[in-house]
Amino acid sequence: MAKLNIYLIGFLSIFYGTNGYYFMTVPQCRFTSKDLKDAEFIASFVFNKDEMIRFNSTVGKYVGYTELGVKNAELWNKGPELAQELGNLEGYCKNNAANDYSNVLDKTVQPEVRLSSLAPSSGGHLARLMCSAYNFFPKPIRVTWQRDGKEVKSDVISTEELADGDWYYQIHSQLAYTPKSGEKISCMVEHSSLTKPMVYDWDPSLPESERNKIAIGASGLVLGAILALAGLIYYKKKSSGVL
Ligand SMILES: *[C@@H]1O[C@H](CO)[C@@H](O)[C@H](O)[C@H]1NC(C)=O
């Protein structure tokens, strides 16, 4: 585990009973790419929700927003504070961001994919399939449909990648189509966690739970028929006086 650097600055909060005064400093690192070319270090100095001073590494100096802030920004820009703040882009920001990449952002988690059939839309006669991918990271993913190995683009509806709120994402894609006998429908998933695209073929036979229901129903029917037959034979023999 890499060690994160802590941004150190004076911190002061004064409370008088329930009505208090609150001073805080908020350091931020903003970056969007791994080369950290656009990394930006921001330090905000806030008193009672009012941002008085902000250091922005792209601007390269403190800027004050209130009377007190403007005065102090002027002082800090001439003092040792500025050099320290300028060093935070490398020492605090880029250092930690690199750790964020190696410990979190570079990691990948494979999607769990489910292929299922949907009831035809009301009034429609098209068959509908749903391909859902769950719990993958990072966000970019491609879910496509294939008919006998060729990509199908029409009659496909997809959601965006939906954030679960726990760093994982899910996505759903629906295909509407007129079934033809002997054809193969597949859902293809491409994601950075996978070394090659994963292809999931649709199995049009009934799922096992449905097959079990049919088997149980058929057994009941056979059992009922045997009992009815036995009863009939018994009745016939009894009425003909054999028994
Ligand atoms: C920092 O300054 C740059 C250049 O003026 C600006 O584009 C950026 O939005 C500023 N960032 C913040 C958080 O204020």
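Me: What makes the oxygen atom of the ligand and the side chain of Asn-56 a polar contact?
Reply: An N or O atom in the Asn-56 side chain is 2.3 Å from an oxygen atom of the ligand. A polar contact is a pair of N or O atoms within 3.5 Å, so this pair counts. This is a predicted model: local features need pLDDT of at least 70, side-chain atom pairs need pLDDT 80 or more, and totals for chains, interfaces and linings use all residues. Residues are numbered from 1 along each chain as its sequence is written, and side-chain values use heavy atoms, leaving out hydrogens and water.

Me: How much of the ligand does the protein cover?
Reply: On its own, the ligand has 360 Å² of accessible area, and the protein covers 52% of that. Such areas come from the Shrake-Rupley method with a 1.4 Å probe.

Me: Why do Arg-54 and Glu-40 count as polar contacts of the ligand too?
Reply: A polar side-chain atom of Arg-54 lies 2.7 Å from a ligand oxygen. For Glu-40, a side-chain N or O atom is 3.0 Å from a ligand nitrogen. Both values are within the limit, so both pairs qualify.

Me: Which residues surround the ligand?
Reply: They are Arg-30, Glu-40, Ile-42, Arg-54, Asn-56, Thr-58 and Val-59. Near means a heavy atom within 4 Å.

Me: Why are three residues of the shell called charged?
Reply: Asp, Glu, Lys and Arg count as charged, so Arg-30, Glu-40 and Arg-54 qualify. The shell also has two nonpolar and two polar residues.

Me: Which strands each supply at least two shell residues?
Reply: β3 (40–47) and β4 (50–56) do. Strands are DSSP runs (E, at least two residues).

Conventions. A polar contact is a pair of N or O atoms within 3.5 Å; within protein, one must be able to donate a hydrogen and the other to accept it, and residues adjacent in sequence count only if both atoms are side-chain atoms. Helices (H or I, at least four residues) and strands (E, at least two) are DSSP runs, numbered from the N terminus.
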